[in-house]
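Please open the model in a viewer and keep the sequence at hand. The stops below are to be selected in turn.

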Amino acid sequence: MRDLKIPEQRHPEKAHRPDNAQPRKPDWIRVKAPTSEGYKRTRDIMRENMLVTVCEEASCPNAGECWSQGHATMMIMGDICTRGCTFCNIATGRPDSLDAFEPGRVAHAVEKLGLNHVVITSVDRDDLDDGGAEHFAQTIRAVRHRSPATTIEILTPDFLKCDASALETVVAAKPDVFNHNLETVPGLYTEVRPGARYFHSLRLLQRVKELDPTIFTKSGIMVGLGEKRPEVLQVMDDMRAASIDFLTIGQYLQPTPKHHAVERFVTPEEFQAYEKAAWGKGFLMVSATPLTRSSYHAGDDFARLRENRMKALGRA
């Protein structure tokens with residue numbers, strides 16, 4: 001029986017890679033261990049509903065803060081991914097079959113947590129003809145039924161090996177925010193995201209806008225992987241050309257010695273400069289800090305995003 005708690009079994013594709021040194025984290029990247037009652041309540045609700053969270057699977061540094069406030073990012077379609085990205089801590093391998101009851105359990109957890117805004121993500125499911133698109137749509141509909149006032153943000157795979165109808169299925173379910181992360185600059189894709197294609201991911205987000213202009217689009221990258229500042233600025237331009245509304249930028253943190261090395265820790269001042277540049281390029285919302293992650297403060301950021309759109313339309 002495979003034990004996903006053992007790194008060699010969790011990441012068999014990385015087992016024979018040479019170790020990369022894990023540099024000491026600077027003070028601005030350190031977080032406190034979770035201990036609050038709110039954290040424990042959120043954890044218990046996840047366990048009761050047999051749900052997986054990307055907060056745990058991807059070793060997010062913000063899990064303690066978010067769970068203390070009752071916020072957790074649901075990860076549907078299992079905890080094993082068909083891709084083997086060198087930055088990611090989610091287990092790689094052959095996933096189990098889809099659980100038809102999972103959308104209902106997600107909806108129940110959202111209702112019990114009383115969420116105003118929920119983020120739903122997934123592993124890559126290249127083993128499925130539609131990449132899990134219909135499962136995403138079912139989950140969105142289930143949450144809408146149980147919690148009609150809750151706004152829904154999805155963080156999807158790239159549907160690289162699927163027919164165009166897969167994306168149409170997800171968009172037709174009308175999430176409030178459609179997020180798909182570019183993760184890094186195109187020059188690092190072969191090292192960092194070898195199973196993906198930069199311009200396919202960019203086009204995916206552009207197509208969402210073409211299919212339904214009312215849906216907010218969002219994407220994020222990590223820094224500290226070896227990218228250069230001009231490359232990051234070019235990614236911003238590419239995103240704006242694809243009409244992406246919301247940009248997140250955060251520091252890459254190395255999960256294990258077998259993962260891609262942290263080339264450097266980007267300073268808070270550099271993040272501020274990236275944020276200023278992004279606002280200047282016309283994004284409706286920007287979050288750029290060392291601890292920024294796709295779903296970090298997602299509810300508050302969505303409220304600002306919606307407000308900024310209304311201002312841009314002259315309706316505020």
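Contact, as used here, means heavy atoms within 4.5 Å. The model is predicted: local features need pLDDT of at least 70, side-chain atom pairs count only at pLDDT 80 or more, and totals for chains, interfaces and linings use all residues. Residues are numbered from 1 along each chain as its sequence is written, and side-chain values use heavy atoms, with hydrogens and water left out.

Select A137 to begin. A137 lies in helix α6 (helices are DSSP runs of H or I, at least four residues, numbered from the N terminus). With 0% relative accessibility, A137 counts as buried (under 20% relative accessible area, 1.4 Å probe, protein chains only). Apart from neighbours within four places in sequence, A137 is in contact with T169 and A173. Now add P103: its C-alpha atom is 9.1 Å from that of A137, although 34 residues separate the two along the chain.

Next, select residues 102-113, helix α5, together with residues 133-146, helix α6; their axes come within 8 Å and cross at roughly 35° (axes are lines fitted to C-alpha atoms over the stretch in contact, and angles run from 0 to 180 degrees between N-to-C directions). Residues making this contact include V106 and V110 of α5 and A142 and V143 of α6.

Finally, select residues 298-312, helix α12. The end C-alpha atoms of its 15 residues are 20 Å apart, which agrees with the 21 Å expected at 1.5 Å a residue (1.5 Å times one less than the number of residues). Its buried residues are A298, D301, F302, L305, N308 and R309. Seen down the axis of α12, these fall within an arc of 125°, so they line one face of the helix (the arc is that of the directions from the helix axis to the C-beta atoms). G314, which follows α12, has a positive phi near 75°.

Notes:
Helices (H or I, at least four residues) and strands (E, at least two) are DSSP runs, numbered from the N terminus. Buried means under 20% relative accessible area, exposed over 50%, partly exposed in between (1.4 Å probe, protein chains only).
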